[in-house]
Amino acid sequence: QVTLVESGGGLVQAGGSLRLSCAASGRTFSTYAIGWFRQAPGKEREFVAAINWSGRSTSYLDSVKDRFTISRDTAKNTVYLQMNSLKPEDTAVYYCNAGASTSTVRNMAAPYWGQGTQVTVSS
């Protein structure tokens, strides 16, 4: 069983930065791939970034590839999403999930999800 809690969201001006955190409980956290998703009002939830269990493999949504960075700190049971050069279209509730592989995570088949954190980017 893994419990995920997101934090770090807030209101920021376009061009600004935020760092989201996904803190996990559970002894097996280090064996899970972790993903970040977002959902804007009236839109479907979309994949943003993922990191494998070792941290050596990452993948991104094309529109965030040069602006966002996903990383993990196994000692702290936490995965981060550093978001730079934020745009109004990045406004959404951001969720993290945990699953057995990055494929599982990206396909939204991961069994564990957090409650989300709101990111609002003003123009």
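Cys22 and Cys96 form a disulfide, with 2.1 Å between their sulfur atoms. The structure you are looking at is a predicted model, and this bond is a good place to start. A disulfide is a covalent bond between the sulfur atoms of two cysteines. The count for this structure comes to 1 disulfide. Cys22 sits in strand β3 (residues 18-25) and Cys96 in strand β9 (residues 92-99), so the pair links distant parts of the chain, 74 residues apart. The torsion about the S-S bond of Cys22 and Cys96 is about 75 degrees, so the disulfide is right-handed. Is Cys22 buried or exposed? Cys22 is buried, because its relative accessible area of 0% falls under the 20% cut-off. Cys96 also counts as buried, at 0% relative accessibility.

Next come the charged residues. Side chains of opposite charge can pair when their charged atoms come close. The structure holds 4 salt bridges, including those in this table.

| Salt bridge | Closest N to O distance |
|---|---|
| Glu46 and Arg38 | 2.7 Å |
| Arg38 and Asp90 | 2.9 Å |
| Asp90 and Arg67 | 2.7 Å |

Let us follow these pairs one by one. Glu46 is partly exposed, at 31% relative accessibility, whereas its partner Arg38 is buried, with a relative accessible area of 6%. Arg38 also pairs with Asp90. That pair links distant parts of the chain: Arg38 belongs to strand β4 (residues 33-39), while Asp90 is in the loop between β8 (78-83) and β9, 52 residues apart.

Asp90 is buried, with a relative accessible area of 1%, and its side chain meets that of Arg67 in a salt bridge. Asp90 lies in the loop between β8 and β9 and Arg67 in the loop between β6 and β7, so the pair ties together parts that are 23 residues apart in sequence. Which residues do these shared partners join into one network? The salt bridges connect Arg38, Glu46, Arg67 and Asp90.

Arg67 deserves a further look. Its loop runs between β6 (58-60) and β7 (68-73), and at 11% relative accessibility Arg67 counts as buried. Beyond its neighbours within four places in sequence, Arg67 is in contact with several residues, among them Gln82, Met83, Asn84 and Asp90.

Finally, meet Leu11, in strand β2 (residues 10-13). Leu11 counts as exposed, at 66% relative accessibility. Leaving aside neighbours within four places in sequence, Leu11 is in contact with Thr120 and Ser122. Leu11 and Gln118 are 107 residues apart in sequence, and their C-alpha atoms are 8.3 Å apart in space.

Notes:
Residues numbered from 1 in each chain as written. Predicted model: local features only at pLDDT ≥ 70, side-chain atom pairs only at ≥ 80, totals over all residues. Heavy atoms only, no water. Helix = DSSP H or I, 4+ residues; strand = E, 2+ residues; numbered from the N terminus. Buried < 20%, exposed > 50% of the residue type's maximum accessible area, 1.4 Å probe, protein only. Contact = heavy atoms within 4.5 Å. Disulfide = S-S within 2.5 Å.
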